[in-house]
Every structure is written in C-alpha cells, then in structure tokens.
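Visitor: I'd like to go through this one by asking how each label is earned. Can we put the definitions next to the values?

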Amino acid sequence: MILDQNAFGIWNFIAKKAFKSTFKKPDPAVSAKSLKNSFNNKTEIGIYLHIPFCRSLCPACPYVRTLWNEELANTYLEALKNEIKMYGQLLRGSALSIVSIHAGGGTPSLLNPSQYKEILDTINQYFEVDEKAVIGMEANPQDMRGGKTSGLIEAGITELSIGVQSFHKKNLKILGRANSVEDSLEAIENARKAGFKFINIDMMYMLPGQTIEDWIQDLEISAE
C-alpha cells in the first residue's frame, strides 16, 4: 500500500478544511533550554547513530532501512554531521559527558573506516567524550574482510556486534540473509585477529521450522 497526499479521498479533503497548521522557526535560546532540561540533571549520556542502509532488505528486520545508494549515503552522512554540530552547539556548557556511542541500522558496517573517523571527529569536536567511552557498531559478516576490520579499530571503534543470527544454512535462508555460515565464522576470527576486545554475536531463535536441536547446536558453536 502506498499513501500519498490524496490517499484518503474525501477524508483528506475534510481534514484540510478542518485543521490548519502553522510552522514557525523556534527560538534557539528556548530550544537549547528545553533540550538541556530534558536530561534531568544527568551528566553521563550515550549517543546512538542510525545508519539506515543495507545491501538487501531482510524480511524479519523491523527497523528503518533502505537499499544502499552511495550518493544518498554521502548526503545522509553530511546531514548526520550537521545534526551532531547543531546539538553540540545547543548543549554547549551543559557539562554532559559522552560515555557510549553506538552505531546501529540498517547495516553500519557498509560505511568505511574513514567515514566513521569523520563522524567520531565531529562528535569529539562538539561534545566532551570520556576517554574510556565505549564505541560500538553492528556489522554484517560479509563486511568484515581484508583490512576493513583493523581499519575500524584505527578509526576508533572499540566494540563489534556481528549479525550471525544462525549457524544453519536453512535458517539463514528463512531470514533472507545473504551471508553464509562460513562468512560468519570468518568474520568472528577476523575481528579477533584485528584486536577487538569485545565481540558480540546476534543469534535468533523460535524461527519457523527451527528445532531445539538446531538451537542447541547454534549455542554450542557460539560457545566455541
């Protein structure tokens, strides 16, 4: 189903007549005060970065995402850095300390290390980031190849969450995953060799047709 400006027929016409909206540019000082008050005197906060791009769209994923488009991704990243700058300026003098940064998606691992360095440099420029801050990202197994894994560490990423989901081919097919079991095992090993101290893997259970034996095997392989 596609909704457009005339999707509700006569009700769309009635709504236009019944309601009027006026948009005004907010006063920056008022916005800054409201934003600072929303933290309720907290001094330590986290930042979530949403990277909504994927090579393919998994049917089980409920999150905001769209197919990879390099031009669109570059535009999005510029907007993201501008938003970081905007909030940094609004919160200037608030004594907030960033203790965690997490990139989710979508597929955050589609971005290259230099792009993450730009994002993190922007955050450091406009916010106080704790020297022990945890900086994590979610990754597709197929992206954790070659020098990219070590490049992410050099860019400042300290923790990795790999979307393994299952070590059974049939389950990966049900989930619409493009990675193979071998891709997952290789990604975990590459992350360890690159020097990641904390590596998480996502696993899914109660899939259609998945047996208890399948799940036990998944857990056993994970433990190895």
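Guide: Sure, cavities to begin with. On a 1 Å grid over the protein atoms alone, a cavity is a set of points where a 1.4 Å probe fits but cannot get out; a pocket is an open set with protein on both sides within 12 Å along at least five of seven lines; and lining residues have an atom within 4 Å of a point. Points are joined across faces, edges and corners, and the volume is the space filled by probe spheres set on them. This is a predicted model, where local features need pLDDT of at least 70 and side-chain atom pairs pLDDT 80 or more, while totals for chains, interfaces and linings use all residues. Residues are numbered from 1 along each chain as its sequence is written, and side-chain values use heavy atoms, with hydrogens and water left out.

Visitor: How many cavities of 30 Å³ or more does the search find?

Guide: The whole structure has 1, with a volume of about 40 Å³. Strand E4 (97-105), helix H4 (113-126) and strand E5 (128-139) each give two or more residues to its lining. Those elements are DSSP runs, numbered from the N terminus: helices are H or I of at least four residues, strands E of at least two.

Visitor: What makes up the lining of the largest cavity by class?

Guide: Ala, Val, Leu, Ile, Met, Phe, Trp, Tyr, Cys and Pro count as nonpolar, Asp, Glu, Lys and Arg as charged, and the others, Gly among them, as polar. The lining is Leu49, Ile101, Ala103, Tyr116, Leu120, Ile135, Gly136 and Ile157, so Gly136 falls in the polar class. The tally is 7 nonpolar, 1 polar and no charged.

Visitor: And what is in the lining of the largest pocket, by class?

Guide: There the split is 13 nonpolar, 13 polar and 5 charged. The pocket holds about 660 Å³ of space, and of its 31 lining residues the closest to the centre are Cys58, Cys61, Gly106, Gln165 and Arg177. E6 gives the most to that lining, with 3 residues.

Visitor: Which element has the largest share of the lining of the second largest pocket?

Guide: E1 does, with 6 residues. That pocket has about 310 Å³ of space, and its lining divides into 12 nonpolar, 2 polar and 1 charged. Among the residues closest to its centre are Ile47 and Tyr48.

Visitor: How do you know that E1 and E4 pair, given the bridges that join them?

Guide: Two strands pair if DSSP finds at least two bridges between them. E1 and E4 are joined by 8 and run parallel, so they qualify. Ile47, for one, stands opposite Ile101 in E4. E4 and E5 have 6 bridges, also parallel, with His102 opposite Gly136.

Visitor: Why do strand E1 (44-51) and strand E7 (198-203) stand at the edges?

Guide: The open sheet runs E1-E4-E5-E6-E7. E1 and E7 each have a single partner strand, so one side of each is left without a neighbour in the sheet.

Visitor: Last one: why is H5 called oblique to H7?

Guide: Angles run from 0 to 180 degrees between N-to-C directions, with axes fitted to C-alpha atoms, for helices over the stretch in contact. Under 35 degrees is roughly parallel, over 145 roughly antiparallel, 65 to 115 roughly perpendicular, and the rest oblique. Helix H5 (residues 148-155) and helix H7 (residues 181-194) pack at about 45 degrees, axes 9 Å apart, which makes H5 oblique to H7.
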